[in-house]
Amino acid sequence: MTGTMAQEIEARLREAFIPSRLDVINDSAKHAGHSGDDGSGESHFTVVIEAAAFADMNRLQRQRAVIAALGDIPGERVHALAIKASAPPA
């Protein structure tokens, strides 16, 4: 995929979960010069996602589902990924 890492994260999550809310925040500037900063400006992200698919999942299951949907991104192409996943209010 071409584009930024944030765009790729967003595309994969939209396809996997059809979220009602999705924010992909690039936190890399806050970590410049720290461990894991590869100089790309795309090493640390926060994902805030709300999707009906998470309704019957606990917090750990939601995190695992997001990581699975992102494939090789967490840990291989991105150093750090904070995930805030929830279901829409009932």
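Is Asp23 buried, partly exposed or exposed? In this predicted model, Asp23 has a relative accessibility of 29% and so counts as partly exposed. That places Asp23 in the middle class, because buried means under 20% relative accessible area and exposed means over 50%. Its salt-bridge partner is Arg21, with N and O 2.8 Å apart. Arg21 is partly exposed too, at a relative accessible area of 43%.

A convenient place to continue is helix α1. This helix runs over residues 5-17 and holds 13 residues. From first C-alpha to last, α1 reaches 18 Å, close to the 18 Å expected at 1.5 Å a residue. Its buried residues are Met5, Glu8, Ile9, Leu13 and Phe17. These five sit on the same side of α1, because they cover an arc of only 130 degrees around the axis. The packing partners of the buried residues are β1 (21-26), β2 (44-50) and α2 (59-70). After the helix comes Ile18, which has a positive phi, near 45 degrees.

Turning to charged side chains, a search of the whole structure finds six salt bridges. One of these pairs Arg14 with Glu10, whose closest N and O atoms are 2.9 Å apart. Both residues belong to helix α1 and are four residues apart, about one turn of the helix. Arg14 has a relative accessible area of 38%, so it is partly exposed. Glu10, at 31%, is likewise partly exposed.

Another salt bridge reaches out from α1 to a loop. Here Asp72 meets Arg12, with the closest N and O atoms 3.4 Å apart. Because Asp72 lies in the loop between α2 and β3 (80-86) while Arg12 lies in helix α1, the pair ties together parts that are 60 residues apart in sequence. Asp72 counts as partly exposed at 30% relative accessibility, and Arg12 is partly exposed with a relative accessible area of 25%.

Returning to the bridge between Asp23 and Arg21, a further feature of the salt bridges can be described. Glu8, Arg12, Asp72 and Arg77 are joined into one network by salt bridges that share partners. Within this network, Glu8 is one of the buried residues of α1, whereas Arg12 and Asp72 are partly exposed.

Key: Residues numbered from 1 in each chain as written. Predicted model: local features only at pLDDT ≥ 70, side-chain atom pairs only at ≥ 80, totals over all residues. Heavy atoms only, no water. Helix = DSSP H or I, 4+ residues; strand = E, 2+ residues; numbered from the N terminus. Expected span 1.5 Å × (residues − 1). Buried < 20%, exposed > 50% of the residue type's maximum accessible area, 1.4 Å probe, protein only. Arc of directions from axis to C-beta. Contact = heavy atoms within 4.5 Å. Salt bridge = Lys/Arg side-chain N within 4 Å of Asp/Glu carboxyl O.
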